[in-house]
Amino acid sequence: MRFLKCFLCLAIAVSLFSTTALAKGQKVSLTDSLENEISISLDSGYVYYTFNDIDKDSSYFSSLPIDKNEAREEIANGTYMQAFCESEGVQVVIKVTTDNFSQSIGNLTQMDEGETQAVMKSFKASLELQNHALLKEPEVTEIDGYKALDFLCRAGSGESGFSYRSLITIIGSRCYEFTFLSTASIPGEMTKRSFDDMIDSINLSIKGETGEIVKSVFMSVLSILAIVVACAIGLVFAYSLVMEFINARKHSDKVRLKKRN
């Protein structure tokens with residue numbers, strides 16, 4: 001009996017301190033240097049890393065389909081978290097970036113309908129220019145009460161093709177991207193529900209979200225500028241998204257080959 005109790009305690013300890021296997025509903029919390037907080041609950045079966053893990057030993061990444069150097073590069077490009085569920089062929093990416101465009105908007109939630117639709121149309125046009133097929137019309141939705149642009153697309157073809165759902169918002173002059181990728185041409189109902197659950201679990205506590213947009217003549221031409229600037233941003237976003245997913249899949253294949261050998 002004493003041995004059984006020790007065994008159970010050990011099993012519980014292992015499950016509590018495991019960094020790569022998550023129980024359903026396990027929350028991942030991220031706090032950056034500006035004290036902005038983001039949290040999301042991942043489904044079971046995911047392994048992940050965050051920007052806080054970049055100084056960990058390379059062995060930490062051995063169970064991930066990405067090595068430390070690749071993770072370091074992703075983090076340098078604004079990745080806060082990248083999670084993988086290889087058994088389901090899905091991936092979750094949270095990125096936070098800032099540039100002149102995001103600074104000119106300040107807060108997407110404070111934009112009126114016409115300005116929001118102008119930004120939406122520009123992103124849509126840029127994705128279509130990159131041959132990303134829209135699986136449904138993009139729409140304006142919310143992430144934890146903040147206005148966000150919601151895209152469901154198909155990129156590429158054959159073995160290199162994949163589908164993804166991407167939610168984009170701008171808060172405090174920073175662009176927050178939540179992307180959910182699937183190897184399926186069209187995500188199945190279970191995958192869609194899983195993505196919905198994770199999106200519903202997102203919590204944001206962002207500094208500067210109450211900053212005012214400058215209401216002036218500048219705002220009267222913002223919609224026109226948004227179409228031009230966001231189009232260029234969308235092209236970069238689309239390209240980095242494709243390369244990010246393809247590189248992760250290539251690395252995953254290499255890991256499987258090593259394990260077989």
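## A walk through the predicted model

Asp144 is partly exposed, with a relative accessible area of 38%. Let us start from this residue, bearing in mind that everything here comes from a predicted model. You will find Asp144 in the loop that links strand S7 (139-143) to strand S8 (146-155). Its backbone deserves a look: the phi of Asp144 is near 50°, a positive value in a residue other than glycine. Most residues other than glycine have a negative phi. Ser173 also has a positive phi, near 70°. This serine sits in the loop between strand S9 (162-171) and strand S10 (174-182), and its relative accessibility of 22% makes it count as partly exposed.

Now step back to take in the whole chain. The protein has 261 residues, of which 46% count as buried, and its secondary structure comprises 7 helices and 11 strands. Among contacts between residues at least 6 apart in sequence, 59% join residues at least 24 apart.

How far can you trust what you see? The mean pLDDT of the protein is 77, and 69% of the residues score at least 70. Among the elements, strand S5 (residues 90-97) has the highest mean pLDDT, at 96, while helix H1 (residues 2-17) has the lowest, at 34. Over residues 1-25 the pLDDT stays under 50, and the model has 20 contacts beyond four places in sequence for this stretch. Residues 210-221 also stay under 50, with 14 such contacts. Where pLDDT is low, the predicted coordinates should not be read in detail.

With that in mind, turn to the strands, beginning with S2. Strand S1 (residues 26-31) pairs with S2 in the antiparallel sense over 6 bridges, and one pair to look for is Leu30 with its bridge partner in S2, Ile38. The hairpin formed by S1 and S2 has 5 residues between the strands, and in it Glu35 takes a positive phi near 70°. S2 is also joined by 3 bridges to strand S11 (residues 203-205), and these two strands run antiparallel. Here Glu37 stands opposite Ser205 of S11. Strand S2 (residues 37-42) is largely enclosed by the rest of the structure, because 5 of its 6 residues are buried.

Asn36, in the loop between S1 and S2, is worth a pause. Is this residue buried or exposed? With a relative accessible area of 3%, Asn36 is buried. Leaving out residues up to four places away in sequence, Asn36 touches Leu30, Thr31, Arg174, Tyr176, Ser205, Ile206 and Lys207. One of these, Lys207, is 171 residues away in sequence, but its C-alpha lies 5.9 Å from that of Asn36.

Next, look at the interior. In soluble globular proteins, nonpolar side chains tend to be buried together. The largest nonpolar core of this model has 40 residues, and those with the most contacts inside it are Ile40, Tyr46, Tyr49, Met81, Phe178, Phe180 and Leu204. Strand S4 (residues 79-85) gives the most to this core, with 5 residues. Phe178 is a good place to explore from: beyond its neighbours within four places in sequence, it is in contact with Ile38, Val93, Ile94, Ile143, Arg165, Ser166, Leu167, Ile202 and Leu204. A second, separate core of 19 residues includes Leu108, Val119, Ala155 and Tyr164.

The aromatic residues offer another route through the model. A search of the whole structure finds 6 aromatic pairs. The rings of Tyr60 and Phe61 have centres 5.4 Å apart and planes at 85°, so this pair is edge-to-face. Both partners are out of the way of solvent by the accessibility criterion: Tyr60 is buried at a relative accessible area of 15%, and Phe61 is buried at 3%. Together with Tyr49, Tyr60 and Phe61 form one aromatic cluster. Tyr49 thereby ties back to the interior, being among the residues with the most contacts inside the largest nonpolar core.

Finally, a word on the cysteines. How many disulfides does a search of the whole structure find? The search finds 0. Cys153 counts as buried, with a relative accessibility of 0%, and Cys175 also counts as buried, at 11%.

Definitions and conventions:
Residues are numbered from 1 along each chain as its sequence is written. This is a predicted model: local features need pLDDT of at least 70, side-chain atom pairs count only at pLDDT 80 or more; totals for chains, interfaces and linings use all residues. Side-chain values use heavy atoms; hydrogens and water are left out. Buried means under 20% relative accessible area, exposed over 50%, partly exposed in between (1.4 Å probe, protein chains only). Helices (H or I, at least four residues) and strands (E, at least two) are DSSP runs, numbered from the N terminus. Two strands pair if DSSP finds at least two bridges between them. A nonpolar core is a set of buried Ala, Val, Leu, Ile, Met, Phe, Trp, Tyr and Cys residues joined through side-chain atoms within 4.5 Å. Contact means heavy atoms within 4.5 Å. A disulfide is a pair of cysteine sulfur atoms within 2.5 Å. pLDDT is the predictor's confidence in each residue, from 0 to 100. Rings of Phe, Tyr and Trp (its six-membered ring) pair if their centres lie within 6.5 Å; planes under 30 degrees apart count as stacked, over 60 as edge-to-face and the rest as tilted.
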